[in-house]
Amino acid sequence: MTYPIRSAALAALTLALSTSTAFAQTEINWWHSMGGELGERLEAIAADFNASQSDYVVVPSYRGEYEESMVNTIAAFRAGEQPHLVQVYEVGTGTMMAAKGAVYPVYQLMADHGSNFDPAAFLPVVTGYYTDTEGNMLSMPFNSSTPILYYNKAAFEAAGLDANTPPKTWEEVEQFSQQILDAEAAQCGFTMAYTATWTGTENLSALHNVAYGTLENGFGGLSSELTFNHPIAVRLWEKLAEWQASGIYAYGGPAGGADNAPKFYSGECAMYMNSSASRAGVLANAEGFEVGFGMLPVFGDVAGAPQNSIIGGATLWTLSGHEDAEYDGVAAFLTYLSSPEVQAAWHQATGYLPVTLAAYELSQEQGYYEANPGSDIAIKQINLNPPTENSKGLRYGNMPQIRTVLDEELQAVLNGQKTAQEALDSAVERGNQIVREFEAANQ
Amino acid sequence: MDTKRTVFPSKGLPYLLVAPQLAITLIFFIWPASQAVKSSFERQDPFGLSTQFVGLTHYLRLFQDPLYLTSIGRTALFAVAVTAISMGVALLLAVAVSRVIRTANAYTTMLVWPYAVAPVVAGMLFWFLFNSATGHLAYLLRYFGVVWNANLNGDHAMILVILAASWKQISYNFLFFLAGMQSVPQSLTEAAAIDGAGPLKRFWTIVFPLLSPTTFFLFIVNVNYVMFDTFGIIAATTNGGPNQATNVLVYKVYSDGFIGLNLGSSSAQSVVLMAFVILLTIVQFRYVERRVQY
């Protein structure tokens, strides 16, 4: 090729490319952590949105577990390659919220890019978790869940218990378990996921309306101090050690505890506490027995308990650094995502909470709860009472590290190295170092 | 030692010849390492929006942290155990295979397989075998009266990661030992046999001393392996638990940096780890290598 021909070809090519981009749809990148069946459901939502209009294409991509996709996003941001939307777990909220220049808060995005967005449409306990002290919603609720109690009805019957009455208090959990053990209906009373963290400390504090930390559990500022070594936590952790020794409780590992689910599925443990989002998995795997549902237990002699439980799961965060036209698409997609139909379908398919009131009402109208008894336990539990300062959620940076500390300290209690009080005091001390470190890095 | 010396006619040529190697070392080792050193003196938020210089704060805090100090001791135990087990078993297997005449190749192939397994997969494998709820070996142990629970018993967890890490490294050591043994001249062992030396005597007085360069090399490689490559195994089995019982230095670097997003402290830890390994390698070359016969 000689020179003029080559430049002509180049010009033609450039023209072709520019005209094709003019017609192309704006791409919205959405990074998420929903693997397996949940991932397929999520991709279907994106595909439906893409089919519903022709201006934007939402491209979902799986980036590993919650920790991984958060770290990937941060690395991408540092390299200037961040996606528009990313799904971040609730314990990442503090970190995301503090990253002021990196995040485009949802309330602002919705105001700037013209949607009639109404934060009041969302469940208060869900928005509470992701709203700053001025009442601005920072991220878009998507998949929120809360821990509930699952139980083996066959084991209850075999032990002479009423198969339709789950325990409401820890005293009953102990008594029912003992009865189950005595009748040899199961080898262990109960097992629970996130024993030291989400279930056994965070929700425990919320349900009994005691503070997890100062300054509204960290909502009021980075200088919050952890205070989860309160008598209620000490009481539960002491009981756990005692119950483990007597076979009432079985430990299934730190965090979500990989061994919890098999213990319940196999009939080894008669009760199981885990996220409401585990519902589909529990129903699919619990072979040979019927599953009952109940709320998380509280200590019966504590006035005002149960207050309300707090959520887990994840929300969608918008990252800064993209074109305005792209944010129009993000806003349109978020509006679509929070529509009652999409939310209700997602809620019913997965066991996650309906994040808007309208989706909850729609599910009621559709007769979903009547057809699936127990599927509304989670939403009833988080709506027991209007959330208080102690029960609206938690806001700490480096929260994953704080959770690791709690897991370690509970292990020390269960293997007899420490008393519950010593372990919780030490967890508070180590946790506060982490909180101070985060405060110093985000001043 | 260095008796072979090549004399280059021009001064530039030798530099040109080592230039590619130097460039690779600079780009892939020195530069990232210097970045780690730099960020160990800084405090940065995860997104890199603000950075402050904090001097030696991270290091001072590390060495005042009793958990970090215990982690050093734990790492030493882990390193010694894995190196000893994986080298010992590999040597034993190499001796056994070198005595087999006809099917040696088949055995070699089979013994090398585990090396192709990724550390995380090896970890998962052992996690399944020793899982207190569903593992076959845990079940077997219960039959013999051992209540195996790596979820709560720190010693059990440590044994689990040591076994997984050693199993993974045995193949590599085996291959080198076998090759080393095959290079021992047969005339030597035959002569010893004629003189009336039994197999054990022949091994310890002839074969093993001649294997010393291989052993020395493997020793350094294994220590490096334990220090840097085992985090996948720990991530897949115990996550450093229970109550930090298996939280070795390299896993702590990963969990503080990757999960905790505390880049400054994580960098400081990796610098310390790097210093440890450099120091260890120097000691090995200065004091252990003297006993090696080339």
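These exercises walk through chain A of a predicted model, each with a worked solution.

Local features need pLDDT of at least 70, side-chain atom pairs count only at pLDDT 80 or more, and totals for chains, interfaces and linings use all residues. Residues are numbered from 1 along each chain as its sequence is written, chains are lettered from A and ligands numbered from 1 in the order written, and side-chain values use heavy atoms, with hydrogens and water left out.

**Exercise 1. Describe the overall build of chain A.**

Step 1. Take the secondary structure. Chain A has 20 helices and nine strands. Both are DSSP runs numbered from the N terminus: helices are H or I with at least four residues, strands E with at least two.

Step 2. Check the radius of gyration, taken over C-alpha atoms. The globule rule is 2.2 Å times the number of residues to the power 0.38. For 443 residues a compact globule would come near 22 Å; chain A has 24 Å, which agrees.

Step 3. Add the box. Along the principal axes, the C-alpha atoms fill roughly 90 × 50 × 45 Å.

Step 4. Look at burial. Of the 443 residues in chain A, 58% are buried. Buried means under 20% relative accessible area, exposed over 50%, and partly exposed in between (1.4 Å probe, protein chains only).

Step 5. Look at contacts, meaning heavy atoms within 4.5 Å. Among contacts with a separation of 6 or more, 76% join residues 24 or more positions apart.

**Exercise 2. Place strand S9 of chain A in its surroundings.**

Step 1. Test burial. Strand S9 covers residues 312-318, and seven of the seven are buried, so the strand is largely enclosed by the rest of the structure.

Step 2. Sort the side chains. In a regular strand they alternate between the two faces of the sheet. In S9(A), A:Gly312, A:Ala314, A:Leu316 and A:Thr318 point one way. A:Gly313, A:Thr315 and A:Trp317 point the other way.

Step 3. Find the partners. Strands pair if DSSP finds at least two bridges between them. S3 (residues 85-89) pairs with S9(A) in the antiparallel sense over five bridges. There, A:Gln87 stands opposite A:Leu316. S4 (residues 140-145) also pairs with S9(A) in the antiparallel sense, over five bridges. A:Asn143 stands opposite A:Ala314.

**Exercise 3. Trace three salt bridges and the parts they join.**

Step 1. Set the criterion. A side-chain nitrogen of Lys or Arg must lie within 4 Å of a carboxyl oxygen of Asp or Glu. The structure holds 20 such salt bridges over all chains.

Step 2. Take A:Glu174 and A:Lys239. Their closest N and O atoms are 3.5 Å apart. A:Glu174 lies in helix H8 (residues 170-182) and A:Lys239 in helix H11 (residues 231-246), so the pair ties together parts 65 residues apart in sequence. A:Glu174 is partly exposed at 24%, as is A:Lys239 at 22%.

Step 3. Take A:Lys392 and A:Glu216. The closest N and O atoms are 2.6 Å apart. A:Lys392 sits in the loop between helices H18 (377-382) and H19 (399-414) and A:Glu216 in helix H10 (residues 214-217), so this pair ties together parts 176 residues apart in sequence. A:Lys392 counts as buried at 19%, whereas A:Glu216 is partly exposed at 25%.

Step 4. Take A:Arg430 and A:Glu409, which meet at 2.8 Å, N to O. A:Arg430 lies in helix H20 (residues 420-441) and A:Glu409 in helix H19, so parts 21 residues apart in sequence are tied together. A:Arg430 is buried at 15%, and A:Glu409 is buried at 1%. Shared partners join A:Glu408, A:Glu409, A:Lys418 and A:Arg430 into one salt-bridge network.
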